[in-house]
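Here are my comments on the core and the helix packing, as numbered points. Please read them alongside the coordinates.

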Amino acid sequence: MNVSLRLALSLCWALGVVLPFSAVALQLTDFTEFQGRVAGSPAKEMLMTAAESELAPCAAALPQRPLTLLDVVEQALCNSPRSAEAWSIAKAQAAQVAVQKSNYLPRVNVTAGAAKVRNHVENSLFSSLDQDNNITNRTASLRLSWLLADLGQRAAKLGQAQALLNAANAAHDAALQEVFITAAQAYFDNLTTQATLTAFEDAESLAKESLAAATAKFKAGVGLLTDQLQAQTAYAQARLDRIKAEGDLKNAHGTLSAAMGLMANTPFQLLKRSQPLEQADFLNRVDVLIQQATESHPAILAAKAKVLAAEENIKGVRAEGLPTLNFNTELSRSDQMGYQQLANFPASNVYSTTATIGLQLNMPLFEGFSRSYQVQSAEAERQTRVAELNRIMQQVSLEVWKSYHALMSERENLRATEELIRHAQEAFKVAQGRYQAGVGNMIELLNAQNAVSGARQQHIKSLAALRAARLKLAANMGNVGLWAIVEP
C-alpha cells in the first residue's frame, strides 16, 4: 500500500470518527429548506384557503370586467413595491440562517500550482560545480478544517439569525397588511365618491324639477318671480356640486390605480354592490380584541423576535470568549522536475508527499476587558428591545381601544342617518305637494329639498366612516383578511 493511499484511508477514518458528533447538531437537508421559512405569500392566505393559494398566481393584467374589492386587493398585493421589498428582506434573512447553519460543516480547501524556475549557479574556484537548472515545480494540497466544539457560539448565532428571520417575516406580514388596507380604503373611497356624485345628480334633478315648477307657475301668473330666481339659484348650486363631485371621482380613480400598483390613467370600472352592510363582525368585547391583537399583531411579533435575537446575541458574545476545538488535516504533494542536486550528475525528478492530522485548541486568556464591555453592550441592546416591545404593546392596545369605540359610534351614526333620510324624503314629498297645490312657498320647498340632499350626504359620509373604522380596527388588530372588507 503506497503512502498516498494510506493517507487517504487515514483521512476517511478521521472524518468517520468526527462526523457523527457534528451531524447531531445539523441536518444537511436544512440547507434546501431555508426558503420555506420565508413568509412567501401570506397575501394569498388573506384571500383564499391554503390549498387554493398554491394554484393562484398573480394575474398578468386587470380582468376584463368591473372590478370587485377582491380584484383590487389582489392587484395591490401582487404589484406593490412595498410588499416586494419586505419579501426580499425576509429572503435575505432566511439566507443568513443557512449561513449560520453552514458553520456546523467542515471547510475543505484545494490548492494547486505550477511554476517554471531557471537556476544558474557559478563557482569561482571550482567551475566543475557550476549548475544550470531548468526546474518545473508542481504543488497540490487538500486541507480540511472542522470546528468540533465552541461551547455555544454557533448555536447562539443560529438562534439570533432565526429570531431575526421571524422578525423579518412579521415585518413582511405588516407590509402586506398595510398594502391590503390601503387598497381597500382606496376602493371604498372610490365607491364613496361615486355615491356622492349620484346623490348630487339626484339633487340636481330635484332642483331642476323645482325650477320647472316655479317657472310654470310664474308664466301662468300664479307664481312669484322671486320663487323662480330662488329655484334658479338652487339649481345652479346643485350643478356646481355635481361638477365638483365629478372631479373628486377622477381623483379617487387615480388614487385607486396607484394603490393597485398601476398607472393613474389605467381605465377600469368598479362593480356596484347593493347588499346591506354586514353586522356580524367584531362581536367580541374590546378587552378580548386587545388580547388578540397583543398575540397576533405583526409589529408585536417582530418586537418579540428582536428581543429573542438580542438575548441570543448576548449568548453569542459570551461564547466568543470561550475555548474552541478544531480538527485539522492536510494532504500535500510537491514535484520538482529537472532538479540537479550535485554537479556533474544528471538532473532528476524529486517527489515529496506530506500528510498532517491533529486537533487544535484555542483558548482566549486576556482580551483587554473588551469581552465584558461587549457583553454589557449586548445586554443594553436587549433592554432597548424590551422597552420597544412594551411601547408597541401599549400603542397597539390604545389604537384597538380607540378604533373599536369609533366603530361602535359610526354604527349608531349610520342607523341615525338612515332614519334621517326617511324623514327628509317624507317632508320633501309633503312640501312638494303643498307647493304644487299653491298652499306652500318656495322657501319651504327648497328647505325640504336641501334637507333631502343633506341627509343623503350624511348617510354617505357615515357609511364611509364606518368602512374606514372597520378597516382601521382590522389594521390595529394586525389580523387583516376578507372579514375586514365585507362589501356593503
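1. Leu 67 is a useful place to begin in this predicted model. Leaving aside residues up to four places away in sequence, Leu 67 touches Leu 62, Val 72, Tyr 187, Met 260, Phe 268, Gln 269, Leu 270 and Leu 271.

2. A separate core of 19 residues lies apart from Leu 67; Ala 234, Ala 424, Met 442 and Leu 446 are among its members.

3. The largest nonpolar core has 23 residues, and Leu 67 is one of those with the most contacts inside it, along with Val 72, Tyr 187, Leu 256, Met 260, Phe 268 and Leu 270. Two or more residues each come from α4 (69–79), α6 (153–219) and α7 (225–259). The largest share, 10 residues, is supplied by α6.

4. Helix α6 also packs against α9 (residues 298–319): the two axes come within 8 Å and cross at roughly 165 degrees. Angles over 145 degrees count as roughly antiparallel, so α6 is roughly antiparallel to α9. Their crossing is left-handed. The contact of α6 with α9 comprises 14 nonpolar, 7 polar and 5 charged residues.

5. For α7 and α11 (residues 442–477), the packing angle is about 15 degrees and the axes are 10 Å apart. The cut-off for roughly parallel is under 35 degrees, so α7 is roughly parallel to α11. The crossing of this pair is right-handed.

6. Which residues of α7 and α11 meet? On the α7 side they are Asp 227, Gln 230, Ala 231 and Ala 234, and on the α11 side Met 442, Ile 443, Leu 446 and Gln 449. By class, this contact divides into 5 nonpolar, 2 polar and 1 charged.

Key. Residues numbered from 1 in each chain as written. Predicted model: local features only at pLDDT ≥ 70, side-chain atom pairs only at ≥ 80, totals over all residues. Heavy atoms only, no water. Core = buried A, V, L, I, M, F, W, Y, C linked by side-chain atoms within 4.5 Å. Buried < 20%, exposed > 50% of the residue type's maximum accessible area, 1.4 Å probe, protein only. Helix = DSSP H or I, 4+ residues; strand = E, 2+ residues; numbered from the N terminus. Contact = heavy atoms within 4.5 Å. Axes fitted to C-alpha atoms, helices over the stretch in contact; angles between N-to-C directions. Parallel < 35°, antiparallel > 145°, perpendicular 65-115°, else oblique. Left-handed = near helix turned anticlockwise from the far one by under 90°. Nonpolar A, V, L, I, M, F, W, Y, C, P; charged D, E, K, R; others polar.
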